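Let's take a walk through this structure together, one region at a time. Keep the viewer open as you read.

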Amino acid sequence: MIRQISVFVVAASLFMTPAHGATDEERAAEALQNAQIMVADFANERDEATLERIDRSVERVWQQLMEYYGMGSDLVPQLALLRARSASAEGDKHRTVPAWQLAIQSNSSISPAFVLGLNIEAAHAAAKVGDYDASARFFAAARAYAFVRGEQSEAARLQMRVTELQVLGGTMPWRDLSDALTDLRDFSETFPMWTLPRLEALLSEGEIRLVNQPEGNEKRGALSTLKAEILLMQKGMNLNLPATFTARIRAFFYALEDNYDL
């Protein structure tokens, strides 16, 4: 309740019209103050409902900051990122992708790992508003950052490719998606046996096939094979798996039992 009141008060204060006859210096000072308040209160906000509620205020503050300070303001990186997230939460098809592009550009001097994460977040946001081409471009940029990171880069590349296929697989022709899954499997086999990347590739392939592969004997056979391979991988790893993997495996197996009697 207190949080909701805070959101309302901040949003209301930011929509107050500047005093009649205010000088440019006073308006500039107000624009800077509004931007500082917005960043201080919401820079780390992740709640979708809150971001949606403040979206109009964020956009207004952004436009004011650009009018008086331009891209040179120190507040631009954080405010641009907040603007991208609020536009995404609002589901604005026209603003989401450009806002994310600007947010990533504004934060490009931060660590490659941070920019990689922003590209993945942007890819999800673009897919959410139906811009799958932009989503693919963001994923491609994320892979590029993973490539230059060095340490654990191969595992990061595998995880990003998995995420990309989970997000965009439904938009691809099945033949192309099937080829992509084969490539994913081949890449995963460069990792040592009985490791999480190998299991991740198998489980993700199963989840993606379950949702996207056309129904038929071929699908049932592929899912049956994947279940057997996952069970073997579990035994090889002595069932020593993170809780998230265990929950995903159980959900996958339940789906196979309920829908395919496997």
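**A helix and its two sides**

In this predicted model, a good place to begin is helix H9, whose buried residues are Leu-177, Ser-178, Ala-180, Leu-181, Leu-184, Arg-185 and Ser-188. Looking down the axis of H9, you will find these buried residues within an arc of 160°, so they line one face of the helix. The face turned away from that buried side carries the exposed residues Arg-175 and Asp-183. What covers the buried residues of H9? The cover includes helix H8 (153–168), helix H10 (196–212) and helix H11 (217–236). The length of H9 can be checked too: its 15 residues (174–188) should span 21 Å at 1.5 Å a residue, and the end C-alpha atoms are 21 Å apart, which agrees.

Now step back to the whole chain. Its secondary structure comes to twelve helices and zero strands. Of the 262 residues in the chain, 44% are buried. Among contacts between residues at least 6 apart in sequence, 64% join residues at least 24 apart. The chain exposes about 13900 Å², with carbon and sulfur atoms supplying 53% of that area.

Next, the interior. The largest nonpolar core has 35 residues, and those that touch the most other members are Met-38, Ile-54, Leu-79, Leu-82, Trp-100 and Phe-138. Which elements give two or more residues to this core? They are helix H2 (24–42), helix H3 (48–68), helix H4 (76–90), helix H5 (96–106), helix H6 (112–128) and helix H7 (132–149). Apart from this core lies another, of 16 residues, among them Leu-226, Met-233, Phe-253 and Leu-256. To see the surroundings of one core member, select Leu-82: leaving aside residues up to four places away in sequence, Leu-82 touches Met-38, Phe-42, Leu-51, Ile-54 and Val-58.

Helix H6 also holds Asn-119. Is Asn-119 buried or exposed? With a relative accessible area of 3%, Asn-119 is buried, because the cut-off for buried is under 20%. Not counting residues up to four places away in sequence, Asn-119 touches Ile-104, Phe-138, Ala-141, Ala-142 and Tyr-145.

Aromatic rings come next, and a search of the whole structure finds two aromatic pairs. The rings of Phe-187 and Phe-191 have their centres 5.8 Å apart and their planes at 75°, so this pair is edge-to-face. Phe-187 counts as partly exposed at 21% relative accessibility, whereas Phe-191 is buried at 13%. The other pair, Phe-252 and Phe-253, is tilted, with 6.0 Å from centre to centre and 40° between the planes. Here Phe-252 counts as buried at 3% relative accessibility, and Phe-253 is buried with a relative accessible area of 10%.

Finally, have a look at the backbone angles. Most residues other than glycine have a negative phi. Trp-194 is not a glycine, yet its phi is positive, at about 60°. Trp-194 is found in the loop between H9 and H10 and is partly exposed, with a relative accessible area of 37%. Asp-261, also not a glycine, has a positive phi of about 55°. Where does Asp-261 lie? Its place is in the segment after helix H12 (243–260), and Asp-261 is exposed, with a relative accessible area of 67%.

How values were computed:
Residues are numbered from 1 along each chain as its sequence is written. This is a predicted model: local features need pLDDT of at least 70, side-chain atom pairs count only at pLDDT 80 or more; totals for chains, interfaces and linings use all residues. Side-chain values use heavy atoms; hydrogens and water are left out. Helices (H or I, at least four residues) and strands (E, at least two) are DSSP runs, numbered from the N terminus. The expected span of a helix is 1.5 Å times one less than its number of residues. Buried means under 20% relative accessible area, exposed over 50%, partly exposed in between (1.4 Å probe, protein chains only). The arc is that of the directions from the helix axis to the C-beta atoms. Contact means heavy atoms within 4.5 Å. A nonpolar core is a set of buried Ala, Val, Leu, Ile, Met, Phe, Trp, Tyr and Cys residues joined through side-chain atoms within 4.5 Å. Accessible areas come from the Shrake-Rupley method with a 1.4 Å probe; for residues, only the protein chains shown count as cover. Rings of Phe, Tyr and Trp (its six-membered ring) pair if their centres lie within 6.5 Å; planes under 30 degrees apart count as stacked, over 60 as edge-to-face and the rest as tilted.
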